[in-house]
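Here is a colleague's note, written for someone in the first year of study who would like to read a protein model with care. Please keep the sequence and the structure in view while going through the points.

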Amino acid sequence: MEGKEQSLPLEEFRKLLSPSDLENIPSGINENEYLLRFLRFKENPKRAYETFVKYHKFQHSDKEFFSKVRPSVLKYVLDAKIFTKQPGNDADGWPVLLLRSKRWNPSEVSVTDIMYVSTLLLEEISRRRSSGVSIVIDWDGFGFAHYRQITYRNLVRGFAILQGTFPISFKAIHQLNPSMVSKIFFSLLSAKLKKRVLPFSHSIKSSDLNLIISAI
């Protein structure tokens with residue numbers, strides 16, 4: 001009986017899908033598993049469908065960007081370990097992603113490269129049956145050379161990913177060594193997401209990061 005009850009939202013979700021919606025599901029994968037990514041994010045089938053539509057609209061509007069979200073293309077960025085998934089989860093059981101500005105050489109790795117990797121990691125987390133994630137951003141080392149690479153297009157991408165276009169909920173965004181840029185960026189987020197931005201009031205040494213992450 002329980003299995004039947006659990007399948008009901010998926011059946012309701014499927015009824016909302018048009019033939020063109022079904023064409024957006026990548027070939028060669030389990031369709032039910034793909035659709036469940038959206039139901040894990042929004043349990044209500046109608047809201048899950050809304051996210052499904054926004055997600056694929058986002059992909060279609062930025063095909064060049066998504067065509068490069070592949071490990072083989074991004075090996076040089078992944079090897080730099082600027083933005084990484086941590087081995088464990090936070091206290092609430094959510095996966096943790098860490099962005100370390102100090103490891104980011106803007107003459108070698110662009111803002112767009114970082115966004116490719118962030119999207120790749122979020123896709124991986126979503127496929128692993130998690131509907132949420134915690135982010136730790138260490139702004140130490142973030143300077144003008146990083147800032148000048150930020151374009152309007154990248155801001156649009158960032159806000160889209162953070163605010164419901166992607167089937168992942170950002171449960172907490174922990175800031176270490178926040179800068180003026182970070183304050184401006186996060187001030188533009190939705191009221192709901194602003195409440196999840198958790199700044200540290202003092203400077204944190206890089207050597208203390210693992211201890212901080214384990215305590216989150």
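The numbered points below go from the whole chain to its core, then to single residues, a pair of helices and two places in loops.

1. Please bear in mind from the start that this is a predicted model. The protein has 216 residues, of which 45% are buried, and its secondary structure consists of 12 helices and 5 strands. Its accessible surface comes to about 12100 Å², and carbon and sulfur atoms account for 54% of that area.

2. It is worth asking how far apart in sequence the contacting residues are. Among contacts between residues at least 6 apart in sequence, 74% join residues at least 24 apart, and several of the residues discussed below can be read with that figure in mind.

3. The largest nonpolar core contains 49 residues, and those with the most contacts inside it are Phe13, Phe52, Leu97, Leu122, Val133, Ile135 and Phe170. The element that gives the most to this core is helix 7, with 9 residues. One of the residues just named, Phe170, touches Leu122, Val133, Ile135, Ile161, Leu162, Leu193 and Arg196 when residues up to four places away in sequence are not counted.

4. Within helix 7, which spans residues 111-127, we find Thr119. Is Thr119 buried or exposed? Thr119 counts as buried, because its relative accessibility is 0%. Leaving aside neighbours within four places in sequence, Thr119 is in contact with Phe65, Phe66, Val69, Ile161 and Phe166. Of these partners, Val69 is 50 residues away from Thr119 along the chain, yet the two C-alpha atoms are separated by 7.0 Å.

5. Leu121 also lies in helix 7, and at 8% relative accessibility Leu121 counts as buried. Its contacts, again leaving aside neighbours within four places in sequence, are with Phe83, Thr84, Lys85 and Leu97. The C-alpha atom of Leu121 is separated by 9.5 Å from that of Val69, a residue 52 places apart from Leu121 along the chain.

6. A further residue of helix 7 is Ile125, which counts as buried because its relative accessibility is 1%. Not counting residues up to four places away in sequence, Ile125 touches Lys85, Pro95, Leu97, Ser130, Gly132, Val133 and Ile168. From Ile125 to Trp94 the C-alpha to C-alpha distance is 9.8 Å, with their places 31 residues apart in sequence.

7. Two serines deserve a look as well. Ser134 is found in strand 3, residues 132-138, and with a relative accessible area of 1% it is buried; beyond its neighbours within four places in sequence, Ser134 is in contact with Asp90, Trp94, Pro95, Val96, Leu97, Lys171 and Ala172. Ser182, found in helix 10, is buried with a relative accessible area of 0%, and its contacts outside that same sequence window are with Trp139 and Gln175.

8. Two packed helices are described by the angle between their axes and the distance between the axes. For helix 3 (residues 31-41) and helix 4 (residues 45-61), the axes come within 8 Å and cross at roughly 115°, and the crossing is right-handed. Helix 3 makes the contact through Tyr34, Leu35, Arg37, Phe38, Leu39 and Phe41, while helix 4 does so through Pro45, Ala48, Thr51, Phe52, Tyr55 and His56. Sorted by class, the contact has 9 nonpolar, 2 polar and 1 charged residues.

9. Most residues other than glycine have a negative phi. Which value does phi take at Lys81? Phi of Lys81 is near 55°, a positive value in a residue other than glycine. Lys81 sits in the loop between helix 6 (75-80) and strand 1 (83-89), and at 47% relative accessibility it counts as partly exposed.

10. Asn177, although not a glycine, also has a positive phi, of about 50°. The place of Asn177 is in the loop between strand 4 (169-176) and helix 10 (180-187). Why does this loop residue count as buried? Asn177 counts as buried because its relative accessibility is 13%, and buried means under 20%.

Conventions:
Residues numbered from 1 in each chain as written. Predicted model: local features only at pLDDT ≥ 70, side-chain atom pairs only at ≥ 80, totals over all residues. Heavy atoms only, no water. Helix = DSSP H or I, 4+ residues; strand = E, 2+ residues; numbered from the N terminus. Buried < 20%, exposed > 50% of the residue type's maximum accessible area, 1.4 Å probe, protein only. Contact = heavy atoms within 4.5 Å. Core = buried A, V, L, I, M, F, W, Y, C linked by side-chain atoms within 4.5 Å. Areas by Shrake-Rupley, 256 points an atom, 1.4 Å probe, with all protein chains shown as cover. Axes fitted to C-alpha atoms, helices over the stretch in contact; angles between N-to-C directions. Left-handed = near helix turned anticlockwise from the far one by under 90°. Nonpolar A, V, L, I, M, F, W, Y, C, P; charged D, E, K, R; others polar.
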